[in-house]
Amino acid sequence: MLSGVCGRLASALRGTRAPPSAVALRCVHASSSRPSTDKSERTEKPPRAFDQALLEFLVCPLSKKPLRYEASTNELINEELGIAYPIIDGIPNMIPQAARMTHQNKKQEEVEQH
């Protein structure tokens with residue numbers, strides 16, 4: 001989809017007399033590059049590790065409380081709300097809809113036990 005947009009932008013820029021912007025030139029260049037189909041040309045990169053120094057700045061977007069990094073699951077945990085945010089390629093996905101519940105509400109657990 002992006003290559004289609006870049007292609008339309010490239011053809012529109014070719015029809016104008018004004019010099020294209022740097023962003024437009026990068027887009028045109030990206031649309032003309034060929035995707036690699038040979039597996040030997042592609043290099044599999046290992047997933048990037050999470051930089052734990054970011055924990056100093058990151059907080060839960062819902063409660064604004066600090067998060068804890070869990071290396072075994074590669075997630076940022078909010079103990080108070082019981083949710084975990086996934087880390088994908090070293091980048092935390094802090095969208096609340098992407099978080100998973102780590103445990104049930106304590107009140108629900110108490111009700112189920114009795």
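This is a short tour of one protein chain, stop by stop, for use with a viewer.

The model is a predicted one, in which local features need pLDDT of at least 70 and side-chain atom pairs count only at pLDDT 80 or more, while totals for chains, interfaces and linings use all residues. Residues are numbered from 1 along each chain as its sequence is written, and side-chain values use heavy atoms, with hydrogens and water left out.

Begin with the whole chain, coloured by secondary structure: three helices and five strands appear, in the order α-α-β-β-β-β-β-α along the sequence. Here helices (H or I, at least four residues) and strands (E, at least two) are DSSP runs, numbered from the N terminus. With a surface switched on, the chain exposes about 9100 Å², of which carbon and sulfur atoms supply 57%; the areas come from the Shrake-Rupley method with a 1.4 Å probe, and for residues only the protein chains shown count as cover. Of the 114 residues, 20% are buried, where buried means under 20% relative accessible area, exposed over 50%, and partly exposed in between (1.4 Å probe, protein chains only).

Next select residues 68-70, strand S1, together with residues 75-78, strand S2. S1 and S2 run antiparallel and are joined by three bridges; two strands count as paired if DSSP finds at least two bridges between them. Glu70 can be picked out opposite Glu75 in S2, and four residues separate the two strands of this hairpin.

Stay on S2 and show its side chains: Glu75 and Ile77 point one way, Leu76 and Asn78 point the other way, and all of them are buried.

Then add residues 83-88, strand S3, which runs antiparallel to S2 and is joined to S2 by four bridges. Leu76 stands opposite Tyr85 in S3, and in the hairpin of S2 and S3, again with four residues between the strands, Gly82 has a positive phi near 75°.

The last stops concern backbone angles. Most residues other than glycine have a negative phi. Which residue in the loop between S1 and S2 should be selected here? Asn74 lies in that loop and has a positive phi of about 55° although it is not a glycine; Asn74 is partly exposed, with a relative accessible area of 26%. Finally, move to Lys64, in the loop between helix H2 (22-32) and S1, where phi is near 65°, a positive value in a residue other than glycine. Lys64 counts as exposed because its relative accessibility is 56%.
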